[in-house]
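Student: I'm new to this structure and would like some help reading it. Could we go through it together?

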Amino acid sequence: MPSRSLRVAVIGAGAAGLVAARELRREGHAPVVFERTDGVGGTWVYEADADASASPEPLVTQRRSNLDASLRTNLPRECMGFLDFPFVAGPDGDTRRFPGHAEVLRYLQSFARRFDLDGLVRLETEVVRVSRETSGTSWRVRYSRKASGSEKRETDEEVFDAVVICNGHYSQPHFADVAGVDAWPGKQLHSTSYRVPEPFHGQVVVVIGCGPSGTDISRDIAGVAKEVHLASRWSLSATSEKLPGHANMWLHSEIDRAQEDGSVVFHDGSRVKADVIMHCTGYKYNFPFLTNDATVSVDDNCVDPLYKHVFPPQVAPRLSFIGLPLKVVPFPLFELQSHWVAGVLSGRFKLPSKDEMVRDVTAFHSRLAARGWPRRYTHRLRDREFENEDWLAEQCRRGGPEGWRREMFDAAMQVMVERPENYRDEWDGGDYDHLLAQANRDFAAHCQ
Ligand code: FAD
């Protein structure tokens, strides 16, 4: 049985905040979820009114979503869902194995309904400051919300025993540094502002970045644009190359510079006269509400110091972060991290001493540095994802992600690279039937 029941502020009602609230309540705590927008679901709430003239200045936006209209998941739904709430196709809605964004939002909304979470969420309430009380164990949370019966905003404060930060990391865009871009006459955008291809009709577009967004958006735009040029730091070719299956797409190395005459020059020596540069270059961690009391800072996109990407050692366990790791299967990871945080807060699971956690963090950074891993990739797990989840599951004395989920994830990553155009629709060819059958057997067991 838990030895402590705490009042916990959860910041954000996306997938991470919802599952954190569920795990905290399951553990006997009293969570209050603050959500600055008017609904739950975070990233998965599509907003059509993107600012198509977004400047390359760092853009702190209230917009929660950065999905394009045609976005479909890049993971099979079975693999993507929470561990104990299967993401299976219902009789209505989008039954595809890689469904569109609206289906993911429906899933998260039904998760909130199923676990009776809506009543815990304070909508249109933005946390603006989190500071530590002098007692050292509790946190003062200042928030701003619409005053009743008026458009004005009012601020208020409450003290909580603990704070769990689930504010997502897809709202502050990261723009690539392009030499000479200030004098370049074209238009720059970040993928966060991209919704539909039509505005790029007949244009020459340079897309920076070959991650999932760059890959999907460049192909979307290629349907209407005159030319699309992908700039990738991972391009192995010394020269630019035409991408198979497209009459108007080329792959280049990184951009070397942009010039006043409108041309963009690549390291491979090729150059194009471009109308648009689209930055599909990711996002920056941002916690504008945190004071120094949190004892963490963001440097080169690394949130430090953090024990296992979750707890700042000096203030653990009363402050924690859910959902920082990248290149992972997000929902199951959020679930395990939340379970761990809830159990540590109640006293059911033990953390090492502060000194031991600090030593662990230092050793972790040394290992990454020895491998030549840039600091900005600290939270990119990729190959270490399942090792991390197994570790979390062990702390929680429960099972981690199932074998079929791991195999599905690896297979999805592989086909995404090999067949970016059609991997979503070609998945159901029989190669993965045994994984789907196992997933369905496990889901049936959950539902009994
Ligand atoms: P978010 O969904 O960003 O939620 C954070 C919430 O916190 C938001 O509702 C925000 O309004 C709120 N908030 C922020 N600051 C405050 C504040 N100060 N006060 C109150 N509320 C605040 N994942 C997959 O599993 N499969 C996919 O196919 C996939 N595709 C993706 C495609 C794109 C383009 C992007 C951007 C992401 C994709 N992801 C995908 C990852 C996705 O972000 C995660 O699945 C997950 O939704 C992240 O949830 P989150 O709760 O951490 O963050």
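**Around the ligand**

Tutor: Happy to. This is a predicted model. Let's begin with the shell around the ligand, whose residues divide into 15 nonpolar, 13 polar and four charged.

Student: Which residues come nearest to the ligand?

Tutor: Of the 32 residues around the ligand, Gly-12, Gly-14, Ala-16, Gly-42 and Gly-168 come nearest. Two or more residues of the shell come from each of α1 (15-26), β4 (125-132) and α5. With three residues, α1 gives the most.

Student: Next, the cores. What is the general idea there?

Tutor: In soluble globular proteins, nonpolar side chains tend to be buried together. Here the largest nonpolar core has 82 residues, and Leu-18, Leu-108, Val-163 and Val-164 touch the most other members. Helix α5 (residues 330-346) gives the most to this core, with nine residues.

Student: What does Leu-108 touch?

Tutor: Leaving out residues up to four places away in sequence, Leu-108 touches Ala-15, Leu-18, Val-40, Gly-41 and Trp-44. Another core, of 26 residues, lies apart from the largest one, and its members include Phe-200, Val-205, Ile-208 and Ile-221.

Student: How should I read a helix such as α4? Is α4 mostly covered or mostly exposed?

Tutor: An α-helix has 3.6 residues a turn, so residues three or four places apart point the same way. Helix α4 (residues 212-222) is mostly covered, with ten of its eleven residues buried. Among the buried ones are Ser-213, Asp-216, Arg-219 and Ile-221.

Student: What do the buried residues of α4 pack against?

Tutor: They pack against four strands: β9 (204-208), β10 (227-231), β12 (249-252) and β16 (276-279).

Technical notes:
Residues are numbered from 1 along each chain as its sequence is written. This is a predicted model: local features need pLDDT of at least 70, side-chain atom pairs count only at pLDDT 80 or more; totals for chains, interfaces and linings use all residues. A nonpolar core is a set of buried Ala, Val, Leu, Ile, Met, Phe, Trp, Tyr and Cys residues joined through C-beta atoms within 7 Å. A residue is buried if 20 or more other C-beta atoms lie within 10 Å of its own, exposed if 12 or fewer, and partly exposed in between; C-beta atoms are placed from the backbone. Two residues are in contact if their C-beta atoms, placed from the backbone, lie within 7 Å. A residue is near a molecule or strand if its C-beta atom, placed from the backbone, lies within 6 Å of it. Ala, Val, Leu, Ile, Met, Phe, Trp, Tyr, Cys and Pro count as nonpolar, Asp, Glu, Lys and Arg as charged, and the others, Gly among them, as polar.
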